[in-house]
Amino acid sequence: MKGTVFAVALNHRSQIDAWQQAFRQAPYNAPPKTAVWFIKPRNTVIRGGEAIPYPEGETVLSGATVALIVGKTASKVSVAEAPEYIAGYALANEVSLPEESFYRPAIKAKCRDGFCPLGEIAAVNNIDNLTIITDINGHEADRWSTADLQRNAAELLSALSEFATLQPGDAILLGTPQSRVALKPGDRVRVLADGFPPLENRVVDAREIAEVRTVAPPPHPHGTLFALGLNYADHASELDFKPPEEPLIFIKAANSFTGDKQTSVRPDNVDYMHYEAELVVVIGKTAHKVSREAAMEYVAGYTICNDYAIRDYLENYYRPNLRVKSRDTLTPIAPWIVDKSAIPDPHNLTLRTWVNGELRQQGTTADLIFDIPFLIAYLSDFMTLQPGDMIATGTPKGLSDVVPGDEVVVEVEGVGRLVNRIISQQTYEETLK
Ligand SMILES: O=C(O)C/C=C\CC(=O)C(=O)O
Ligand SMILES: [Mg+2]
């Protein structure tokens, strides 16, 4: 799989029904208004025939589904036009730990190594009434129909392409029902549907796989950018939050990346778009279950990003959601990496943001709640980090609104300055013509 694997939660009627009561109460307070997107990063994707690692002591649930595979670049595509942008479909398994909450991105439940088997693309044109079967060890364990999805394939592609430009090879997993089949080590799990080659994977104790995996997996065109939310206490209090007790981690999708001296788009009719200066750690070698003491050996160096957000789009589902943070152009990131030898103490760097020359944000990485060794140990405990993966470590206090025409400069001491200009939706669309 070359592209980004997007997935959607709460897209099956049975899930909405089961969570309806909870969604009227805190922290949700209202049912989701838009699709609840998440990302299955590259470490999760495996092929048919490969093993699903079973983490010791966890409950692992199969999530038989279908993946829509994007065939051509798709931006702001209508539902009626969507079929033209679909290359085909493949069976998939959105493996997960149990979902206990939809408030924060479910990285720990859904982004584990091998938790996204993806099958071969099949020449099936319409999957709006497709029965998907989960077969465990030769016995049918579950079946469900895509007719019970809240949004069908065309509606999902249209909704996602409204804020994210999709590229050929990107995939969208269409959702799973509330009830899932529990797996155990030794199981042979097959996802079956008419017209598709079966997707078969064995479930194997993760400790056995770790011992067997002696060669690095093949390189990937782009690394995953993990981002910390509320990792500075002053910023958490600025947003009226208590500092988190466990890292709050979300993923910035590749479609949102842009470079230095580029532009970022403020959508029409929004009230609050803000910048976030962040120190980004770049991983240099494969990291799996790394201790805090050894963690810095896995760092190649540092770069800088501006983690823009459109707060108007914030809903209390997988917050901050992809519409807020993963829109096209919302992640300016420096093209350079400063070698770690040049930054003797990454926990004592000043961060600053200027808007039109006025200093608006200032903080220091000395105030990180979860420091770099902690974050590498934390993430690598339940997933494998690969060279090129990045961790944006969060932003300090000092947010403010930015509007078209503003020049925004973010700086991390010793790492550099990233310059960016805000443009309107209209200007952006004109540049694309
Ligand atoms: O959910 C929220 O309001 C805040 C989440 C993330 C903010 C962020 O990107 C940061 O603190 O940095
Ligand atoms: Mg941020």
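## Ligand and magnesium sites in a predicted model

Glu276 is buried, with a relative accessible area of 5%. This value, like the others in this report, comes from a predicted model. Glu278 also counts as buried, its relative accessibility being 0%; both values fall into that class because buried means under 20% relative accessible area.

Glu276 and Glu278 each contribute an OE donor to the magnesium ion (ligand 2), and Asp307 contributes an OD donor. The coordination distances run from 2.0 to 2.1 Å. Along the chain, the donors of the magnesium ion are spaced as E-x1-E-x28-D.

Glu276 belongs to the surroundings of ligand 1 as well: 17 residues surround this ligand, and Glu276 is listed among the closest, together with Arg104, Leu230, Arg311 and Arg319. By class, the shell around ligand 1 consists of seven charged, six nonpolar and four polar residues.

Polar side-chain atoms of three residues approach oxygen atoms of ligand 1, as tabulated here.

| Residue | Partner | Distance |
|---|---|---|
| Arg319, side-chain N or O atom | ligand 1, oxygen atom | 2.7 Å |
| Lys325, polar side-chain atom | ligand 1, oxygen atom | 2.9 Å |
| His235, polar side-chain atom | ligand 1, oxygen atom | 3.1 Å |

Of the 350 Å² that ligand 1 exposes when taken alone, the protein buries 99%. Ligand 1 is located in the largest cavity.

Definitions and conventions:
Residues are numbered from 1 along each chain as its sequence is written. Chains are lettered from A and ligands numbered from 1 in the order in which they are written. This is a predicted model: local features need pLDDT of at least 70, side-chain atom pairs count only at pLDDT 80 or more; totals for chains, interfaces and linings use all residues. Side-chain values use heavy atoms; hydrogens and water are left out. A residue is near a molecule or strand if one of its heavy atoms lies within 4 Å of it. A polar contact is a pair of N or O atoms within 3.5 Å; within protein, one must be able to donate a hydrogen and the other to accept it, and residues adjacent in sequence count only if both atoms are side-chain atoms. Accessible areas come from the Shrake-Rupley method with a 1.4 Å probe; for residues, only the protein chains shown count as cover. On a 1 Å grid over the protein atoms alone, a cavity is a set of points where a 1.4 Å probe fits but cannot get out, and a pocket is an open set with protein on both sides within 12 Å along at least five of seven lines; lining residues have an atom within 4 Å of a point. A molecule sits in a cavity or pocket if more than half of its atoms lie within 2 Å of its grid points. Ala, Val, Leu, Ile, Met, Phe, Trp, Tyr, Cys and Pro count as nonpolar, Asp, Glu, Lys and Arg as charged, and the others, Gly among them, as polar. Donors are N, O and S atoms within 2.8 Å of the metal (3.2 Å for Na, K and Ca); water is not among the atoms, so sites may look incomplete. Buried means under 20% relative accessible area, exposed over 50%, partly exposed in between (1.4 Å probe, protein chains only).
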